Amino acid sequence: MSDNKQKPTIWTKIHIDPIMMFFLLTLLGYSFFVLWSASGQDPAMMERKIGQTAIGMVVMLTMAQIPPRVYENWAPYLYIFSVILLILVDVYGQISKGAQRWLDLGFVRFQPSEIAKIAVPLMVARYINRDSCPPSLRNTGIALVLIFFPTLLVAAQPD
């Protein structure tokens with residue numbers, strides 16, 4: 001009897017698609033080239049962007065190690081948290097460059113709409129995934145409401 005089990009590759013161990021990684025690194029390389037040119041060949045700016053990119057890659061690799069079921073379980077909490085933050089922006093948000101989109105926590109300023117960009121698709125995917133596909137008209141309507149409410153809160157922020 002032959003054993004058809006293949007030895008896991010590094011890509012399967014770290015849960016990253018090699019084709020996606022190739023295109024991601026290609027795009028990053030091109031963006032660094034464009035940034036170098038657009039910044040007037042400023043080494044300080046390049047160092048900052050490379051550092052930010054390295055942090056982003058570490059976060060991506062770390063998040064890839066978390067099973068998708070965990071994200072599915074966190075989706076409602078993350079969605080509610082992002083909606084609360086969006087409401088707080090409308091009430092207490094800091095104005096920067098003419099837009100009231102920032103929450104200032106003292107040690108960090110951030111845009112809750114960035115969290116909503118992750119939370120809303122996660123929540124809609126979780127909701128749609130509950131039933132068989134294709135989703136019913138009722139479920140599609142509820143999914144649209146899940147999208148509409150945070151979108152309305154972001155649109156209400158003055159720009």
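# Helix packing in a predicted model

Helix 4 crosses helix 6 in a left-handed sense; a crossing is left-handed if the near helix is turned anticlockwise from the far one by less than a right angle, and right-handed if clockwise. This is a predicted model, in which local features need pLDDT of at least 70 and side-chain atom pairs count only at pLDDT 80 or more, while totals for chains, interfaces and linings use all residues. Residues are numbered from 1 along each chain as its sequence is written, and side-chain values use heavy atoms, with hydrogens and water left out.

**Helix 4 with helix 6**

Helices here are DSSP runs of H or I with at least four residues, strands are runs of E with at least two, and both are numbered from the N terminus. The axes of helix 4 (residues 68-92) and helix 6 (residues 137-155) come within 9 Å, crossing at roughly 25 degrees. Each axis is a line fitted to C-alpha atoms, for helices over the stretch in contact, and angles run from 0 to 180 degrees between N-to-C directions. Helix 4 and helix 6 are therefore roughly parallel. For these words, angles under 35 degrees count as roughly parallel, over 145 as roughly antiparallel, 65 to 115 as roughly perpendicular, and the rest as oblique.

Which residues in helix 4 meet helix 6? They are Tyr79, Val83, Leu86, Ile87 and Asp90, and their partners in helix 6 are Val145, Leu146, Phe149, Pro150, Leu153 and Val154. Contact means heavy atoms within 4.5 Å. The residues of this contact divide into ten nonpolar, no polar and one charged. In this scheme Ala, Val, Leu, Ile, Met, Phe, Trp, Tyr, Cys and Pro count as nonpolar, Asp, Glu, Lys and Arg as charged, and the others, Gly among them, as polar.

Phe149 is worth a look here: leaving aside residues up to four places away in sequence, Phe149 touches Tyr79 and Val83. Along the chain, Phe149 and Leu137 are twelve residues apart, and their C-alpha atoms are separated by 18 Å.

**Helix 4 with helix 5**

Helix 4 also packs on helix 5, at an angle of about 140 degrees and with the axes 8 Å apart. That makes helix 4 oblique to helix 5, and their crossing is left-handed. From helix 4 the contact takes in, among others, Tyr71, Glu72, Asn73, Tyr79, Phe81 and Leu86, while helix 5 contributes residues including Pro112, Ile115, Ala119, Met123, Arg126 and Asn129. By class, the contact has 17 nonpolar, four polar and two charged residues.

How far apart are the end C-alpha atoms of helix 5 (residues 112-129)? They are 25 Å apart, which agrees with the 26 Å that its 18 residues should span at 1.5 Å a residue; the expected span is 1.5 Å times one less than the number of residues. Among the buried residues of helix 5 are Pro112, Ser113, Ala116, Ala119, Val120, Met123, Val124 and Tyr127.

**Helix 2 with helix 3**

Helix 2 (residues 18-38) and helix 3 (residues 43-64) pack with their axes 10 Å apart, at an angle of about 165 degrees. That makes helix 2 roughly antiparallel to helix 3. The crossing of this pair is right-handed. Met20, Leu24, Leu28, Phe32 and Trp36 are among the helix 2 residues involved, and they meet a set in helix 3 that includes Pro43, Met46, Lys49, Ile50, Thr53 and Met57. This contact has 15 nonpolar, one polar and one charged residues.

**Loops and single residues**

Two residues other than glycine have a positive phi. For His15, in the loop between helix 1 (10-14) and helix 2, phi is about 60 degrees. For Gln41, in the loop between helix 2 and helix 3, phi is near 60 degrees.

The table gives the exposure of some residues, where buried means under 20% relative accessible area, exposed over 50%, and partly exposed in between (1.4 Å probe, protein chains only).

| Residue | Place | Relative accessible area |
|---|---|---|
| Pro8 | segment before helix 1 | 48%, partly exposed |
| Ile84 | helix 4 | 45%, partly exposed |
| Asn139 | helix 6 | 6%, buried |
| Phe149 | helix 6 | 37%, partly exposed |

What does Asn139 touch, not counting residues up to four places away in sequence? Its contacts are Tyr127, Ile128 and Asp131. As for C-alpha distances, Ile84 and Ile66 are 18 residues apart in sequence and 25 Å apart in space, whereas Pro8 and Ala125 are 117 residues apart in sequence and 29 Å apart in space.
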